[in-house]
Amino acid sequence: MNSVSHIRSFTSILLLLSSVFFVAAARAGNDVLGQVDLVGATKVERTSGVWIDGQYVGYLNELKGSKKLLLLPGEHEITVRQGGYVDFIQKVSVRAGQTQTLEVKMEKDTRVQLPRVTAEIKLDVNPNRAAVFVDGVFVGHVAEFNGIGKALLVTPGKRKIRITLPGYQDFETEIELFANQKSTVKTDLVKGGPAEGTPLPQ
């Protein structure tokens, strides 16, 4: 009985010491990295996709809390994209343990002409933070095109849809749509694609 209580006490001390070690290691990790906070004034910026050094990391408004941008010290290129807008590209110099704020402002791309006749695609895809490409062009993330009053408007004809997110396999499909036709793409992305840190195709 006495030896059992000794073992329990010893195990408790080991667990306590190891948890302190992991907390210290996590804090040390944050001291090594630098933080970049992206701020957008309007819904356009807040729903825009963010790439760090060519890797899609999510849409601007979700990159906070547990998903905040922690980057290795050095030069990094941040690209923010939104369908119908000019890419926002900014190089930042990150320093260990420091936080900097980058204000993102998206400008309309005057070269983009919205089609007069459209077809409608609703996306029912998990995870809904995945990036959506139509004919190779980034148009937004899944959550923007699912729900009441939300849909992806495209030019009628054959459209190639690609949905991609680090850590998952890409989903690709082709849809032939007629004018004013409504369609739904429904899928769950399969885990096991390129890990976070691997550049996604542009």
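Is Trp51 buried or exposed? With a relative accessibility of 1%, Trp51 counts as buried, where buried means under 20% relative accessible area, exposed over 50% and partly exposed in between, computed with a 1.4 Å probe on protein chains only.

Before going further, note that this is a predicted model, in which local features need pLDDT of at least 70, side-chain atom pairs count only at pLDDT 80 or more, and totals for chains, interfaces and linings use all residues. Residues are numbered from 1 along each chain as its sequence is written, and side-chain values use heavy atoms, with hydrogens and water left out.

**Aromatic rings**

Keep Trp51 selected and add Phe138, which counts as buried at 7% relative accessibility. These two residues form an edge-to-face aromatic pair, 4.8 Å centre to centre with 90° between the planes; rings of Phe, Tyr and Trp (its six-membered ring) pair if their centres lie within 6.5 Å, and planes under 30 degrees apart count as stacked, over 60 as edge-to-face and the rest as tilted. Because Trp51 lies in strand β2 (residues 49-52) and Phe138 in strand β12, the pair ties together parts that are 87 residues apart in sequence. Strands (E, at least two residues) and helices (H or I, at least four) are DSSP runs, numbered from the N terminus. Now extend the selection to Tyr56 and Phe133, which ring pairs link with Trp51 and Phe138 into a cluster.

**Two arginines over rings**

Select Arg81 next, in strand β5 (residues 74-81), and look at its charged end, which sits over the ring of Trp51 at 4.5 Å from the ring centre. A charge sits over a ring if NZ of Lys or CZ of Arg is within 6 Å of the ring centre and within 35 degrees of the ring normal. Arg81 counts as buried, at 17% relative accessibility, and its side chain also makes a polar contact of 3.0 Å with the side chain of Asp87 (a pair of N or O atoms within 3.5 Å; within protein, one must be able to donate a hydrogen and the other to accept it, and residues adjacent in sequence count only if both atoms are side-chain atoms). Then move to Arg162, which lies over the face of Phe133, 4.3 Å from the ring centre.

**Backbone stops**

Pro127 is in the loop between β10 (119-126) and β11 (131-134), and the peptide bond leading to Pro127 from Asn126 is cis, with omega near -5°. In the loop between β11 and β12 (137-141), select Asp135, which is not a glycine yet has a positive phi of about 50°.
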